[in-house]
Amino acid sequence: MSENKSHTILKTNDLSIGYTTKKEKKVIASNINIELHKGELVGLIGANGIGKSTLLRTLTNVQHKLGGSVTINNIPLENYSNINLAKALSLVLTESLGSKNLTVFELVALGRQPYTNWVGNLTVEDFKIINQCLHQTNIDDLKHKKCYELSDGQLQKSMITRALAQDTDLIILDEPTTHLDMYHKAYILKLLQKLAKETNKTILFSSHEIDLAIQLCDTLIVMTKDSVITDQPSKLIEKGTFNDLFPKDLIVFDDKTGSFRVKK
């Protein structure tokens, strides 16, 4: 096993996720055991409403876990201060940007906040990292544009660049291809694959683009109503994991092509 694969970035042990109200505890999924390694592109897939966003919110400490444990770089998630978590984990959400009056450069520069002084001044090193990240995601030509001038695809690339500039071992994205056409869905996921390989960062994203995820990811996390299974795409195909992902009345998984098709 290579050094790359032996370094565990994120690990869960018997994790339970869901919601707690005054009246009850609602468990969405339990016994979740995930181990993600350095330099991997990891896709989180499952049917609508199965709990993908809840899992991501729990892994990023936005939402409290119901049980079990989450560690990042062997440190329990609850032991991280806000500033140290921001240096270990960067997050790209589907929510719209608060201020689209920022330039792309200013947006990407926000990724350096965990490292700037209390005034927020950027150093020469910060500028170097920002420009390097703009180059890595191929948006150098957009850096002076205002965010409101961008297409959905350009804005998503800019948000990914901001996460890259945050320089964390782990980048988590919730539905990064939402609102994009087929070409740009493939472009964004290919970009994430390229960044994982080039930067050796672990990139975890949730997606409905299951066929693309099967082709591009090193590892997949498959959520069903009964379990959460993690493995390489080829091994999941061998196990028949995708056969039960959706009701068989309309869509079936073709083991030979490694993709879903409409049932005739």
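This briefing covers one open sheet and the aromatic pairs of the structure. The model is predicted. Its sheet is open and holds 6 strands. The structure also has 5 aromatic pairs. Details follow by topic.

**The sheet**

- The strand order is E7-E8-E9-E4-E10-E11, and the pairing is mixed.
- Strand E7 (89–92) and strand E11 (228–231) stand at the edges. Each has a single partner strand, so one side of each is left without a neighbour in the sheet.
- On average, neighbouring strands of this sheet are turned by 15 degrees against each other, with direction ignored.

**Strands E10 and E11**

- Strand E10 covers residues 219–223 and pairs with E11 in the antiparallel sense.
- This pairing runs over 4 bridges.
- Ile221 has Thr230 in E11 as its bridge partner.

**A helix across the sheet**

- Helix H6 spans residues 152–165 and lies across E7 and strand E8 (170–174).
- H6 runs at about 170 degrees to E7.
- One of the strands under H6's path, E7, is also an edge strand of the sheet.

**Aromatic pairs: Phe105 and Phe127**

- Among the 5 aromatic pairs is that of Phe105 and Phe127, which is stacked.
- The ring centres of Phe105 and Phe127 lie 5.8 Å apart, with 20 degrees between the planes. Planes under 30 degrees apart count as stacked, which is why this pair carries that label.
- The pair links distant parts of the chain. Phe105 sits in helix H4 (residues 104–109) and Phe127 in helix H5 (residues 124–136), 22 residues apart.
- Phe105 counts as buried because its relative accessibility is 17%.
- Phe127 counts as partly exposed, at 38% relative accessibility.

**Aromatic pairs: Tyr183 and Tyr187**

- The ring centres of Tyr183 and Tyr187 are 6.3 Å apart and their planes stand at 35 degrees, so this pair is tilted.
- Both tyrosines, Tyr183 and Tyr187, lie in helix H7 (residues 182–199). They are 4 residues apart, about one turn of the helix.
- Tyr183 has 57% relative accessibility, so Tyr183 counts as exposed.
- Tyr187 has 25% relative accessibility and therefore counts as partly exposed.

**Aromatic cluster**

- Ring pairs join Phe242, Phe246, Phe253 and Phe260 into a cluster.

Terms used:
Residues numbered from 1 in each chain as written. Predicted model: local features only at pLDDT ≥ 70, side-chain atom pairs only at ≥ 80, totals over all residues. Heavy atoms only, no water. Pairing = 2+ DSSP bridges. Helix = DSSP H or I, 4+ residues; strand = E, 2+ residues; numbered from the N terminus. Axes fitted to C-alpha atoms, helices over the stretch in contact; angles between N-to-C directions. Contact = heavy atoms within 4.5 Å. Phe/Tyr/Trp six-rings, centres within 6.5 Å; stacked < 30°, edge-to-face > 60°. Buried < 20%, exposed > 50% of the residue type's maximum accessible area, 1.4 Å probe, protein only.
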